[in-house]
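This report describes the arrangement of one protein chain for a reader who has not met it before. The sequence and the structure are shown below.

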Amino acid sequence: MMALFGLPHMRDLLFGTRKRKRRFWAALRDGNVWDQDFLRNYPTMSVEWNVPDFENQQYLEHMRMGKLEFWHLHEEFGRYITFQDSKWRLCVPSHKRLAITLHWLANCNSYSQLARQHGIAKSTAVKIVHETVRALKMHMVPNSIRFPEGQELKRVMAEFKALSFLERCAGAVDGTFVKIRKPKAMFGDCYYCYKKYCSIILLGTVDACGMFINVNAGRPGSAGDASAYATSTMVRRISQKKWLTIQDNFRIQGTYIRPYLVGDSAFPLSATLMKCYDDSAGLQPHERTFNYRLIRTRRVVEQAFGRLKGRFRVLVHNNLDDPDFAADVAIVCCGLHNICERWNCPMEPTWLINTATYNQFHPGPNDQPHDDYEQAGWTVRRKLARRTHRDHPVP
């Protein structure tokens, strides 16, 4: 009996380890949205029906950018997702790979649906999405998301001052949850957030136009915004005076005011991050003015997150259980958001999520207001508040 069990074919029969022989190289599939509709049917329909914007509207609906923007994006980064044909079959073209990935990011189709729509196998759809997301993160994101320095930093501060009369403001920072499935790895429970689902934190910093200038993603949902901020690369570079540094001598009553970010009560007060005064004990007039101006400034990042999740529904509904890949997806979506905003791609109101509930701030168990105020941050905020109230008081 032991001798029979030791035979290779017996082990394969009992444990199912024998590799199944391939019956055919690739299955024939009829449906192909990209080749049939986008490359042939939609251009013809636009001409025959005399509706010039029909084709462009289909690009917007499926990929969140117009036809010209899509092909411009492919022209810039298509070479990074181009593969060679083999002697067995032709590879999927780079423009189709980009279209498949944008379609998945925008509509969050399952891989099975994506495969049927584009006439490919499910495994091919999974591979294309992962490879394209990785390539876009490596080559597109560094060109799309840049922290302002030098003259660019001065321009951002001028735009914020024109928006809300806060001087020296260089960005608005906030965090949002990206819902995922519970990871299968150890410590998967730490991704369970106070909203009662598993998530990772996407920490974003935007300029006055709602363009992301820095993003950080991947921290477990239970960690909170303050933890994501404290462990981010942005904080390390700010503390090393590589960012938020400008050669000038801007002072208020003898105190040098360094460029700073604004955030909500979850973040710690410092000389480079301002937040509202605690209104539990009543506010002085200059404190009330400062809170009003800061809230108007911080609203920019909340609106940016609303447009981001409206454009790319994969950040709201997905079936991902790999936090690392989910973080890459979130970062790539932020880079694509900047491209759409820079190219003035239309934002359909029907894409937006429920903004009435989204813009409300719900403090979580790890997002309670900090009490460890830095003395420098307290001094800077007090002098900024008095200057703002003197020049632009709230009625």
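Which residue forms a salt bridge with Lys161? The partner is Glu167, with the closest N and O atoms 3.4 Å apart. The model is a predicted one, and what follows describes its sheet, its helices, its cores and its charged pairs.

**The sheet**

Five strands form an open sheet in the order E3-E2-E1-E6-E7, with mixed pairing. Its edge strands are E3 and E7 (273-274), each of which pairs on one side only. In general, strands of a sheet pair through backbone hydrogen bonds, either parallel or antiparallel. The pairings described here are as follows.

| Strands | Sense | Bridges |
|---|---|---|
| E1 (residues 169-179) and E2 | antiparallel | eight |
| E2 and E3 (residues 212-220) | antiparallel | seven |
| E1 and E6 (residues 260-262) | parallel | three |

Thr205 of E2 illustrates how the strands line up: Val173 stands opposite Thr205, and Thr205 also stands opposite Asn214 in E3. In the parallel pair, Cys169 has Tyr260 of E6 as its bridge partner. The hairpin of E2 and E3 has five residues between the strands, and Gly210 there takes a positive phi near 80°.

Strand E2 (residues 199-206) is largely enclosed by the rest of the structure, because eight of its eight residues are buried. In a regular strand the side chains alternate between the two faces of the sheet. Accordingly, Ser199, Ile201, Leu203 and Thr205 point one way from E2, while Ile200, Leu202, Gly204 and Val206 point the other way. Helix H13 (residues 285-311) lies across E1, E2, E3, E6 and E7 and runs at about 45° to E1.

**The helices and the cores**

The largest nonpolar core has 82 residues, and Trp104 and Leu105 have the most contacts inside it. Helix H14 (residues 323-342) gives the most to this core, with twelve residues. Beyond its neighbours within four places in sequence, Leu105 is in contact with Phe312, Arg313, Val314, Val329, Val332, Cys333 and Leu336. Another core lies apart from the one around Leu105; this core has 16 residues, among them Ala170, Ile213, Tyr229 and Leu273.

Helix H8 (residues 122-139) has 18 residues, which at 1.5 Å a residue should span 26 Å; the end C-alpha atoms are 26 Å apart, in agreement. Among the buried residues of H8 are Ala125, Ile128, Val129 and Leu136. The buried residues of H8 are covered by elements including H5 (67-77), H6 (94-107), H7 (111-118), H9 (141-144) and H14.

**Charged pairs**

Side chains of opposite charge can pair when their charged atoms come close. The count of salt bridges in the model comes to 14. One of them joins Lys137 and Asp328, whose closest N and O atoms are 2.7 Å apart. This pair links distant parts of the chain, with Lys137 in H8 and Asp328 in H14, 191 residues apart. Lys137 counts as partly exposed, because its relative accessibility is 34%.

In the pair that opened this report, the two ends are set differently: Lys161 counts as partly exposed at 37% relative accessibility, whereas Glu167 counts as buried at 13%.

The side chains of Arg307 and Glu341 also meet in a salt bridge, at 3.3 Å from N to O. Here Arg307 in H13 is joined to Glu341 in H14, 34 residues apart. At 19% relative accessibility, Arg307 counts as buried. Elsewhere, salt bridges that share partners join Glu152, Arg155 and Glu159 into one network.

Definitions and conventions. Residues are numbered from 1 along each chain as its sequence is written. This is a predicted model: local features need pLDDT of at least 70, side-chain atom pairs count only at pLDDT 80 or more; totals for chains, interfaces and linings use all residues. Side-chain values use heavy atoms; hydrogens and water are left out. A nonpolar core is a set of buried Ala, Val, Leu, Ile, Met, Phe, Trp, Tyr and Cys residues joined through side-chain atoms within 4.5 Å. Buried means under 20% relative accessible area, exposed over 50%, partly exposed in between (1.4 Å probe, protein chains only). Helices (H or I, at least four residues) and strands (E, at least two) are DSSP runs, numbered from the N terminus. Contact means heavy atoms within 4.5 Å. The expected span of a helix is 1.5 Å times one less than its number of residues. Two strands pair if DSSP finds at least two bridges between them. Axes are lines fitted to C-alpha atoms, for helices over the stretch in contact, and angles run from 0 to 180 degrees between N-to-C directions. A salt bridge is a side-chain nitrogen of Lys or Arg within 4 Å of a carboxyl oxygen of Asp or Glu.
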